[in-house]
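I opened this structure to look up how its strands pair, what is packed inside, and where charged side chains meet. My notes follow in the order in which I checked things.

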Amino acid sequence: MIESLPGSEQHRCGFSPGWSVRAYDDSLDLALFEAAFCFTCHEVRMQGTAVPPALATQFFDPVALPARTLLSLFREEAP
């Protein structure tokens, strides 16, 4: 679902992510990646051993269906 998020223009809010996803390999040592989402400035920042520098900062359309679905899932998990 994250991969299908459509791109967007950058908006400035100071980046205040409310949600994140973290993925580990089988050893559970270091995170392969963590993606922190700010639905206000349309920014996702990624870090981790599997994240190339060119993908560290990306922008997404928060009103697109995949983004609304992702936000709904985040809210379900942390009411």
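These entries go through the strands, the turns, the core, the salt bridges and the pocket.

**Entry 1: status of the model.** I noted at the outset that this is a predicted model, and I read every value below as computed from that model.

**Entry 2: strand pairing.** I began with strand 1 and strand 2, which run antiparallel and are joined by six bridges. To fix the register I looked up Trp19, and found that its bridge partner in strand 2 is Phe37. Moving on, I saw that strand 2 and strand 3 also pair in the antiparallel sense, over five bridges, with Ala35 having Met46 as its bridge partner in strand 3. Strand 3 and strand 4 pair antiparallel as well, over three bridges, and there Arg45 stands opposite Thr57 in strand 4.

**Entry 3: the turns and positive phi.** I then asked which residues with a positive phi sit in the turns of the hairpins. In the hairpin of strand 1 and strand 2, which has six residues between the strands, Leu28 in the turn has a positive phi of about 60 degrees. In the hairpin of strand 2 and strand 3, with four residues between the strands, the turn residue is His42, whose positive phi is about 65 degrees. I looked at these because most residues other than glycine have a negative phi. His42 lies in the loop between strand 2 and strand 3, and I recorded it as buried because its relative accessibility is 13%, under the 20% cut-off. Phe15 also caught my attention, since its phi is near 50 degrees, a positive value in a residue other than glycine. Phe15 is found in the segment before strand 1, and with a relative accessible area of 15% it is buried.

**Entry 4: the nonpolar core.** Next I looked up which residues make up the largest nonpolar core, and how many there are. The core has 12 residues in all, namely Leu5, Ala35, Phe37, Phe39, Val44, Met46, Val51, Phe60, Ala67, Leu70, Leu71 and Phe74. Strand 2, strand 3 and helix 1 each supply at least two residues of this core, and helix 1 gives the most, with four. As a reminder to myself, nonpolar side chains in soluble globular proteins tend to be buried together. The bridge partners Ala35 and Met46 both belong to this core, and so does Phe37, the residue that pairs with Trp19.

**Entry 5: salt bridges.** I counted two salt bridges. One is formed by Arg22 with Glu34, where the closest N and O atoms are 3.3 Å apart. This pair links distant parts of the chain, since Arg22 is in strand 1 (residues 19–24) and Glu34 in strand 2 (residues 31–38), 12 residues apart. Is each partner buried or partly exposed? Arg22 is partly exposed, because its relative accessible area is 47%, whereas Glu34 is buried, with 17%. The other salt bridge brings together the side chains of Arg45 and Glu43, at 2.6 Å from N to O. Here Arg45 counts as partly exposed at 37% relative accessibility, while Glu43 is buried, with a relative accessible area of 3%.

**Entry 6: the largest pocket.** I then turned to the largest pocket, which has a volume of about 220 Å³. Its lining consists of Ile2, Glu3, Leu5, Pro6, Gly7, Phe33, Val44, Met46, Gln58, Phe59 and Phe60. By class I found eight nonpolar, two polar and one charged residues in this lining, and strand 3 (43–47) and strand 4 (57–59) each supply at least two of the lining residues. Comparing the lists, I saw that Leu5, Val44, Met46 and Phe60 line the pocket and also appear in the largest nonpolar core.

**Entry 7: a pair separated in sequence.** Last, I looked up Ala64, which lies in the loop between strand 4 and helix 1 (65–77). Ala64 counts as buried because its relative accessibility is 12%. From Ala64 to Ser8 the separation is 56 residues in sequence and 10.0 Å in space, C-alpha to C-alpha.

How values were computed:
Residues are numbered from 1 along each chain as its sequence is written. This is a predicted model: local features need pLDDT of at least 70, side-chain atom pairs count only at pLDDT 80 or more; totals for chains, interfaces and linings use all residues. Side-chain values use heavy atoms; hydrogens and water are left out. On a 1 Å grid over the protein atoms alone, a cavity is a set of points where a 1.4 Å probe fits but cannot get out, and a pocket is an open set with protein on both sides within 12 Å along at least five of seven lines; lining residues have an atom within 4 Å of a point. Grid points are joined across faces, edges and corners, and a volume is the space filled by probe spheres set on the points. Ala, Val, Leu, Ile, Met, Phe, Trp, Tyr, Cys and Pro count as nonpolar, Asp, Glu, Lys and Arg as charged, and the others, Gly among them, as polar. A salt bridge is a side-chain nitrogen of Lys or Arg within 4 Å of a carboxyl oxygen of Asp or Glu. Buried means under 20% relative accessible area, exposed over 50%, partly exposed in between (1.4 Å probe, protein chains only). Two strands pair if DSSP finds at least two bridges between them. A nonpolar core is a set of buried Ala, Val, Leu, Ile, Met, Phe, Trp, Tyr and Cys residues joined through side-chain atoms within 4.5 Å.
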